[in-house]
Amino acid sequence: MERKSQVQIPKDLLLALFLYHLVGNEEYLPEIEKALTEKLDSMVKRQLYTTFKTAPTEEEREKARQEYLDKCGMHEDFRW
């Protein structure tokens, strides 16, 4: 059986999600969308970095490294 990973979110986001879903207060929607987008970007970058460090082949490591640097916004001129 595959182990499910857990994701932590800030308390403010959790409260905003409660207020949006349970109370129906839609004024929190932009805040929720922004925070979830940032969290997803963070998770993707972390996965790319992990792949870069643990990939079995040099080709896969380099591909993940380039994707990670692209995602972080690292300019081409500052890469090695």
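The legends below describe close-up views of a predicted model.

In this predicted model, local features need pLDDT of at least 70 and side-chain atom pairs count only at pLDDT 80 or more, whereas totals for chains, interfaces and linings use all residues. Residues are numbered from 1 along each chain as its sequence is written, and side-chain values use heavy atoms, with hydrogens and water left out.

**View 1. A nonpolar surface patch to which helix α1 gives the most.** Val7, Ile9, Leu14, Leu15, Phe18, Leu22, Val23 and Met43 make a nonpolar patch of about 730 Å² on the surface. Patches are made of residues with over 30% relative accessible area and no salt bridge; nonpolar side chains (Val, Leu, Ile, Met, Phe, Trp, Tyr) are joined within 5 Å, and like charges within 9 Å. Accessible areas come from the Shrake-Rupley method with a 1.4 Å probe, and for residues only the protein chains shown count as cover. Helix α1 covers residues 11–23 and supplies five residues of the patch. Helices (H or I, at least four residues) and strands (E, at least two) are DSSP runs, numbered from the N terminus. Val23 belongs to helix α1 and is exposed because its relative accessible area is 61%. Here buried means under 20% relative accessible area, exposed over 50%, and partly exposed in between (1.4 Å probe, protein chains only).

**View 2. Helix α2 and its buried residues.** Helix α2 spans residues 29–54, 26 residues in total. From its first C-alpha to its last, α2 reaches 37 Å, close to the 38 Å expected at 1.5 Å a residue; the expected span is 1.5 Å times one less than the number of residues in the helix. Ile32, Leu48 and Phe52 are buried in α2. The cover over the buried residues of α2 includes α1 and α3, the latter being residues 58–72.

**View 3. Ala16 of helix α1 and its contacts.** Ala16 is located in helix α1 and counts as buried because its relative accessibility is 1%. Leaving aside residues up to four places away in sequence, Ala16 touches Tyr28, Glu31 and Ile32, where contact means heavy atoms within 4.5 Å. Ile32 is also one of the buried residues of α2. Ala16 and Glu31 are 15 residues apart along the chain, and their C-alpha atoms are separated by 7.8 Å.

**View 4. A salt bridge in helix α2, between Glu38 and Lys34.** The structure holds five salt bridges, each being a side-chain nitrogen of Lys or Arg within 4 Å of a carboxyl oxygen of Asp or Glu. In this one, the side chains of Glu38 and Lys34 meet at 3.1 Å, N to O. Both residues lie in helix α2, four residues apart, about one turn of the helix. Glu38 is partly exposed because its relative accessibility is 45%. Lys34 has a relative accessible area of 55% and is therefore exposed.

**View 5. The Glu58–Arg61 salt bridge in helix α3.** The closest N and O atoms of Glu58 and Arg61 are 2.9 Å apart in this salt bridge. The two side chains are also joined by a polar contact of 2.9 Å. A polar contact is a pair of N or O atoms within 3.5 Å; within protein, one must be able to donate a hydrogen and the other to accept it, and residues adjacent in sequence count only if both atoms are side-chain atoms. Glu58 and Arg61 sit three residues apart in helix α3, about one turn of the helix. Glu58 counts as exposed because its relative accessibility is 52%, whereas Arg61, at 25% relative accessible area, is partly exposed.

**View 6. The Glu62–Arg65 salt bridge in helix α3.** The side chains of Glu62 and Arg65 meet at 2.9 Å, N to O. Three residues, about one turn of the helix, separate Glu62 and Arg65 within α3. Glu62 is partly exposed because its relative accessible area is 30%. Arg65 has a relative accessible area of 6% and is therefore buried.

**View 7. Ser5 in the segment before α1.** Ser5 counts as exposed because its relative accessibility is 69%. Ser5 and Leu17 are twelve residues apart in sequence, and their C-alpha atoms lie 20 Å apart in space.
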